[in-house]
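Thank you for making room for this short talk. I would like to go through one structure slowly, residue by residue where that helps, and I will start from a single side chain before moving outwards.

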Amino acid sequence: MHFTIFTLFTSFLLVNFFMFCLIFLVKQTNLYKHFSIYTFLCFIILCILRLTIAIEFPFTIELDSHHIMTTLQHSMRYVIFSFCVENIKIEICIKHILLTIWLVGSIIFTFKSFQSCKTIYRLAHFLPETNDESVMKILFTIQNITNFHKKTKVIVHNKVKSPFIIGYFKPTIMLPSLNFTEEEQKGILMHEILHVKYHHLVLKLMVEIIKILFWWNPFVHMFYYNVNNILECHVDSKLSNLLNKQEQENYLNGIIKVIQNCDLPNQLSFITSGLASSASVKSYDFTEHRFTMILEEVYSKNKKIKSIMLVFSTLILFFMSYLFVIQPYGEPTMEDYNDNAPIITKEYYIVKEKDSYTIYNPNGIPVETYSGEIEEKFYYLKVKEEN
């Protein structure tokens, strides 16, 4: 197993395709009637795994691109300007400019996410826990129903627009100061508890990191939005199994109050962090979809066989994605070497050592040893770790 820039590029292309499929499938509301919500969760996890495990296996086939990848590679190496520092020539290529923009953008998005988290956690730390005995009694009942026994802090504040929960190890639920009935509070508190119980905060953290790293990719932002919606549906499905028909209607009435509260002006919204699991109230179409799913008892229908078949097909597609890697076709010319150096073709391979690397010919005979990191002109060669 080894990693190259081309395995990452191939992985990125495939994950974009998977994200597009997920975005398309999520919008097909009729699919929810035939497939379990776990099917979509499986798709999300496989997207994350495929992007993070961008490696080549021994069975991976290298597909040479004679046109698109080769042209892209040459374009990235185009020198925009050059200068000399102490008789050392430094060339600035297009790839250096793009990588700099990428890095700066990721730093900015990281800073914004950190500031949002800092604001929310500071708020949760300094605001007092509610002393409403009815709320704490409802919370205690919910924890017994859901078998969730982590110590959970509840804060009710008039500046919070929508309920959300933060903190995986020390959960804190933030509630708007609205005139909820006890049954409505039960549904809303249970909803937030289930987010932590099913590790949604961890999944959202991973997707948040992907959004920060690939901030320039519109598919990633759409993927992030749809992941949040799927997680809301997952909680709704679990909650529907724990509440009776009347309690479900009370829960939906609570969501309506939250939506109306979000439409009021002159209120601060602290739902800014990707780590906060908030109620999805921005999209009325999605909210209507959630209501329909609960009221028509879609979640209670048995869809195991179809769901298992789709998940199995998705897993096959996931493993098949490692069968190939796309790379630009090309072999080094004599200009890449000095006069005495051998011409190294793509059949050669590199054995990486601690502070150096050695190039071997197809017969396993060492040809040349170099110190430091692998040079860019050898990126087309396979890399093997020293035994």
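**One strand residue, then outwards**

Phenylalanine 83 has a relative accessibility of 34% and therefore counts as partly exposed. Please keep in mind throughout that this is a predicted model, and that the values I quote are computed from it. Phenylalanine 83 is placed in strand β2, which covers residues 79-85, and, leaving aside residues up to four places away in sequence, phenylalanine 83 touches Ile88, Lys89, Ile90 and Ile92.

Let me turn from that ring to the aromatic side chains more broadly. How many aromatic pairs does the structure hold? The count comes to 19, and I will follow one of the residues involved, tyrosine 357. Its ring and that of tyrosine 370 have centres 5.4 Å apart and planes at 20 degrees, and since planes under 30 degrees apart count as stacked, this pair is a stacked one. Tyrosine 357 belongs to strand β10, residues 356-360, while tyrosine 370 belongs to strand β11, residues 366-371, so the pair ties together parts that are 13 residues apart in sequence. Are these two tyrosines buried or exposed? Tyrosine 357 and tyrosine 370 are both buried, and for tyrosine 357 the relative accessible area is 0%.

Tyrosine 357 has a further partner in phenylalanine 378, and here the ring centres are 6.3 Å apart with the planes at 70 degrees, so this pair is edge-to-face. This second pair links distant parts of the chain, 21 residues apart, because tyrosine 357 sits in strand β10 whereas phenylalanine 378 sits in the loop between β11 and β12, the latter being residues 382-385. Phenylalanine 378, at 1% relative accessibility, also counts as buried.

Elsewhere, Phe57, Phe59, Phe318, Phe319 and Tyr322 form one aromatic cluster. The ring of tyrosine 322 has the charged end of arginine 50 sitting over it, 3.9 Å from the ring centre. There is another arrangement of this kind at tyrosine 349, where the charged end of lysine 384 sits over the ring at 4.3 Å from its centre.

Now to the pocket, which may interest those of you who think about cavities. The largest pocket has a volume of about 930 Å³, and 21 residues line it, with Ile5, Phe9, Met76, Leu99 and Trp102 lying nearest its centre. Which helices supply at least two residues each to this lining? They are α1 (5-27), α3 (68-76) and α4 (94-126). By residue class, the lining of the largest pocket divides into 17 nonpolar, 1 polar and 3 charged residues.

I will finish with the backbone. Most residues other than glycine have a negative phi, and against that background there are two residues I would like to point out. Histidine 199 has a positive phi, near 60 degrees, and lies in the loop between α6 (182-197) and α7 (200-213), where, at 43% relative accessibility, histidine 199 counts as partly exposed. Glutamate 297 also has a positive phi, near 55 degrees, and lies in the loop between α10 (284-295) and α11 (304-320). With a relative accessible area of 41%, glutamate 297 is partly exposed.

Methods: Residues numbered from 1 in each chain as written. Predicted model: local features only at pLDDT ≥ 70, side-chain atom pairs only at ≥ 80, totals over all residues. Heavy atoms only, no water. 1 Å grid on protein atoms, 1.4 Å probe; cavity = no way out; pocket = protein on both sides within 12 Å on 5 of 7 lines; lining within 4 Å. Points joined across faces, edges and corners; volume = space filled by probe spheres on them. Helix = DSSP H or I, 4+ residues; strand = E, 2+ residues; numbered from the N terminus. Nonpolar A, V, L, I, M, F, W, Y, C, P; charged D, E, K, R; others polar. Phe/Tyr/Trp six-rings, centres within 6.5 Å; stacked < 30°, edge-to-face > 60°. Buried < 20%, exposed > 50% of the residue type's maximum accessible area, 1.4 Å probe, protein only. Lys NZ or Arg CZ within 6 Å of the ring centre and 35° of its normal. Contact = heavy atoms within 4.5 Å.
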